[in-house]
Amino acid sequence: MKKALILGINGQDGSFLAELLLSKNYEVHGLIRRTAKDNLQNIRHITDKVTLHYGDLADPVSIQQAINISNPDEIYNEADQDHAGISFNIPSYNYDVTGAAVGRILEIIKNTNTDIKYFQPLTSNMFGNISEMPQNENTPFFPLNPYACSKVFAYHTCRMYRNNYDMFVSCAIFYNHESERRTDNYVTRKITKSAAKISLGLQDELILGDLSAKIDWGYAREYMDAAWNIMQQENPDDYIIGTGIETSVEEFVEQTFDYLNLDSKKFVKSSASLLRPAKNLSLIADYSKAKNHFGFEPKVLVKDLIKIMVDHDLSQNR
């Protein structure tokens, strides 16, 4: 039986990954932070099937202990501060837990057991202000926020450990991936939850920032399947994972309200106070390498994603 340690097992991606690994008969361990608020909502249905360890990416001792106890074959790092907009408010925290922590984890693996395979998720935000369309694994980076800068650091750190120490370290550059488990501070979740409440008479309006932004949106559950496939390849490598289709925030809003038979123009407003200091150009994934290496092909596109999220939000409010 393979053993895996998921850092951030209780987040959107970590929880989907845990379910996937359990279905493949892994022994699953997870690292979670101790917080004042209950943070096990996404994994409550599987807590009896996984082993949880308290820790924090800022505390290397806790990471070392989790690795020693779990003795994993694979480590998936799904824990960081993953919101680009919020990273402007807490830049130092991003530089530490999103960037420097990757170096701490890899150094622990190097000194503990170099046979452990390591997976690092990255972000399309690393491309930032780039005019090359679509982006592939050779497109240069031009990050525009602290979160993206931290991920660029993580990317180069992973490549350094892979090349210098012959470690199995693989990365996925994930484009935006959403689900019914997204937190409320992401625009897609804000849209679907608000639209559901408006349809039920529980909310009057929805206020958003830049409606013109165009984004490549996919389904988180499918992207975690890609993460697992990346770790099963013979050699470590880096892959872009996305849909190759861009949808504007305005289009996402219209499709969401259309699904509920509502006119979005009657309920949605834009506020300059919600705009970011810097805006990425359109980011579109060229996932041909992942398709060629392990058959990745996104099946859940925006229309299906909206249905999944809205149906869930309606069920939570009825």
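1. A good place to start is D166, which sits in the loop between α5 and β6. This is a predicted model, and in it D166 has a positive phi of about 55° although it is not a glycine. Most residues other than glycine have a negative phi, so this spot is worth a look on screen. D166 counts as exposed because its relative accessibility is 71%, over the 50% cut-off. The residue also follows directly on helix α5.

2. The next stop in that loop is M167, also placed between α5 and β6. Is M167 buried or exposed? With a relative accessibility of 2%, M167 counts as buried. Setting aside residues up to four places away in sequence, M167 touches L106, I109, K110, T114, Y161, R162 and P236. For a sense of distance, M167 and Q316 lie 149 residues apart in sequence, and their C-alpha atoms are 44 Å apart in space.

3. Now step back to helix α5 itself, which covers residues 146-165. Its 20 residues should span 28 Å at 1.5 Å a residue, and the C-alpha atoms at its ends are 28 Å apart, so the two values agree. The buried residues of α5 are P146, Y147, A148, S150, K151, V152, A154, Y155, T157, C158, Y161 and R162. What lies over them? The cover includes the helices α3 (84-87) and α4 (91-112), together with the strands β5 (117-123), β6 (169-174) and β11 (238-241). Two of these buried residues, Y161 and R162, are also among the contacts of M167.

4. Readers often ask about cysteines. How many disulfides does the structure hold? A search of the whole structure finds zero. C149 is in none, and the nearest cysteine sulfur, that of C158, is 16 Å away. C149 is partly exposed, with a relative accessible area of 37%. C171 makes a useful second case: its sulfur is 3.8 Å from the closest cysteine sulfur, in C158. That is too far for a bond, because a disulfide needs the sulfur atoms within 2.5 Å. C171 counts as buried, at 0% relative accessibility.

5. Turning to the interior, the largest nonpolar core has 59 residues, and those with the most contacts inside it are L21, V28 and I241. Which element gives the largest share of this core? Helix α7 (residues 220-231) does, with eight residues. Apart from this core lies another, of 35 residues, among them Y155, C158, Y175 and A285. I241 is a handy residue to click on: leaving out residues up to four places away in sequence, I241 touches A172, I173, F174, Y175, Y223, A226, A290, F294 and F296.

6. Two further backbone details deserve a check. The peptide bond from M133 to P134 is cis, with omega near -15°, and P134 is found in the loop between β5 and α5. N25 has a positive phi of about 65° although it is not a glycine. N25 is in the loop between α1 (12-23) and β2 (27-32), and it counts as exposed at 57% relative accessibility. As background, most peptide bonds are trans.

7. T247 is found in strand β12 (residues 247-248). At 5% relative accessibility T247 counts as buried, since that is under the 20% cut-off. Leaving aside neighbours within four places in sequence, T247 is in contact with A213, K214, I215, W217, F252, Q255 and V302.

8. Finally, the overall picture. The protein has 10 helices and 13 strands. Its C-alpha atoms fill a box of roughly 60 × 45 × 40 Å along the principal axes. How does its radius of gyration fit with a compact globule? For 318 residues such a globule would have a value near 20 Å, and the protein has 19 Å, which agrees. Buried residues make up 53% of the 318 residues. Among contacts between residues at least 6 apart in sequence, 77% join residues at least 24 apart. The accessible surface comes to about 14,200 Å², of which 48% belongs to carbon and sulfur atoms.

Note on methods
Residues are numbered from 1 along each chain as its sequence is written. This is a predicted model: local features need pLDDT of at least 70, side-chain atom pairs count only at pLDDT 80 or more; totals for chains, interfaces and linings use all residues. Side-chain values use heavy atoms; hydrogens and water are left out. Buried means under 20% relative accessible area, exposed over 50%, partly exposed in between (1.4 Å probe, protein chains only). Helices (H or I, at least four residues) and strands (E, at least two) are DSSP runs, numbered from the N terminus. The expected span of a helix is 1.5 Å times one less than its number of residues. Contact means heavy atoms within 4.5 Å. A nonpolar core is a set of buried Ala, Val, Leu, Ile, Met, Phe, Trp, Tyr and Cys residues joined through side-chain atoms within 4.5 Å. The radius of gyration is taken over C-alpha atoms; the globule rule is 2.2 Å times the number of residues to the power 0.38. Accessible areas come from the Shrake-Rupley method with a 1.4 Å probe; for residues, only the protein chains shown count as cover.
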